[in-house]
Amino acid sequence: MSTDSSRPAPTLAIVVPCYNEEEILAESCAELLQQLNRLEHSGKVARGSKIYLVDDGSRDDTWPLMQKIARRESQVVSVRLSRNKGHQNALHAGLSQTVEEAVVSIDADLQDGAENIEPMVDHYLQGSEVVYGVRSERHTDTFFKRFTAEGYYRVMHKLGVDLVFNHADFRLLSRRALDALLEYPEANLFLRGMVRELGFESSQVEYRRRERTAGESKYPLRRMLSLAWRGITSFSTAPLRAITVLGLVSSALSFAVIAWVLITRLFTDNAVPGWASILLPLLFIGSVQLLCLGVIGEYIAKLFEEVKQRPKYHIDQVVGAETADIEKREKEAAVVAD
Ligand code: UDP
Ligand code: MG
């Protein structure tokens, strides 16, 4: 976090994806409003800040409730998706609706603690474009969830995917970072990986995660596994590369065995009739097939990279543009004079 730049208080948007959250929504919304008003009063965020509630195609009374809240509270905007599209899509939809200068995303159950928004804003004021909420420990998780989650971060790291350890989707993005994120056209969203991909100046806020106070987790094991798998397949082609390596190793091994079969067949009496003629093509075809699959995999990996059409870079800063311009103009003038 840089200490030199401190910027004016931003308008803040808090984006909350909700799926079947009727039991908790009113309470959570009241708490967020209270935090927002406090931040406005303290002058850390500008007036006109908003809360965006996104209904991810809930089947309970979440949407009627959201409409009621939005009509009552001028600071609340409620957005509804046409159907259930999952947490990542709902969050993206909410983010894309905002116009504010800084945006915080938080789950409807406020397990991440609405009070942690303030330190995030502090980091923003100090110059961070991205502030990651990072869980300092996982005592509210079951042993199974803790074990699998931490193992997952390790595997992702090994596969070359850059993730912030113990960071999920509680974060602050500046308008610049958010606009950059919204340029990613990919359909398979894994936001925590994409935000990391952006770059820009970032910092972290540590917090202890609370228990869910009402309702149950909307992330059953099946959805968790699907998100985990999406994280790997959207960010890494390592599994495809593994096929190539496997193909190379098995080819090398089978050529060694082929040599042994030939020697046994030609120079000894140990070969049973038919043995060599079965074994040779089997080994040869098997290894060549695997190698070819690997090569095809390499091309699929390239296609996969291209098809995503991700922006190749985001410009963070331009320094000295005026000087370069003056030099260029001077050169042009010199050419004309010649
Ligand atoms: N959620 C959503 N769509 C879904 C599933 C979940 O918008 O299809 C929201 C949910 O309402 C909550 C957030 O995603 O605001 C995180 O879900 P949850 O708290 O159930 O996950 P957990 O904390 O158990 O990982
Ligand atoms: Mg939760």
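Contact here means heavy atoms within 4.5 Å. Keep that in mind as you click around this predicted model.

**Stop one: the inside.** Select L198. Leaving aside residues up to four places away in sequence, L198 touches A177, A180, L181, Y184 and H314. Now zoom out to the largest nonpolar core, which has 37 residues, with L181 and L198 making the most contacts inside it. To see what builds this core, colour the elements that give it two or more residues: strands 1 (12-18), 2 (50-55) and 5 (130-135), plus helices 3 (87-97), 5 (143-158), 6 (175-182), 7 (191-198) and 8 (221-235). Another core, of 34 residues, lies apart from that one; pick I14, M66, A102 and Y124 to find some of its members.

**Stop two: the largest pocket.** Turn on the surface and look for a pocket of about 1,200 Å³. Select K145, S217, Y219, M224 and L227, the closest to its centre among the 47 lining residues. Which element gives the largest share of this lining? Highlight helix 8, which supplies eight residues. Strand 1, helix 3, helix 5 and strand 6 (167-174) each add at least two. By class, you'll find 17 nonpolar, 13 polar and 17 charged residues around this pocket.

**Stop three: the second largest pocket.** This one has a volume of about 300 Å³. Go to E197, E305, K308, R310 and P311, which lie nearest its centre. Its 14 lining residues split into three nonpolar, four polar and seven charged. Helix 7, helix 8 and helix 10 (275-307) each supply at least two of them. Finally, colour domain 1 (12-218 + 310-332) and domain 2 (238-308): both give residues to the lining, so this pocket lies between them.

Notes: Residues are numbered from 1 along each chain as its sequence is written. Chains are lettered from A and ligands numbered from 1 in the order in which they are written. This is a predicted model: local features need pLDDT of at least 70, side-chain atom pairs count only at pLDDT 80 or more; totals for chains, interfaces and linings use all residues. Side-chain values use heavy atoms; hydrogens and water are left out. A nonpolar core is a set of buried Ala, Val, Leu, Ile, Met, Phe, Trp, Tyr and Cys residues joined through side-chain atoms within 4.5 Å. Buried means under 20% relative accessible area, exposed over 50%, partly exposed in between (1.4 Å probe, protein chains only). Helices (H or I, at least four residues) and strands (E, at least two) are DSSP runs, numbered from the N terminus. On a 1 Å grid over the protein atoms alone, a cavity is a set of points where a 1.4 Å probe fits but cannot get out, and a pocket is an open set with protein on both sides within 12 Å along at least five of seven lines; lining residues have an atom within 4 Å of a point. Grid points are joined across faces, edges and corners, and a volume is the space filled by probe spheres set on the points. Ala, Val, Leu, Ile, Met, Phe, Trp, Tyr, Cys and Pro count as nonpolar, Asp, Glu, Lys and Arg as charged, and the others, Gly among them, as polar. Domain bounds come from an automatic or database domain assignment.
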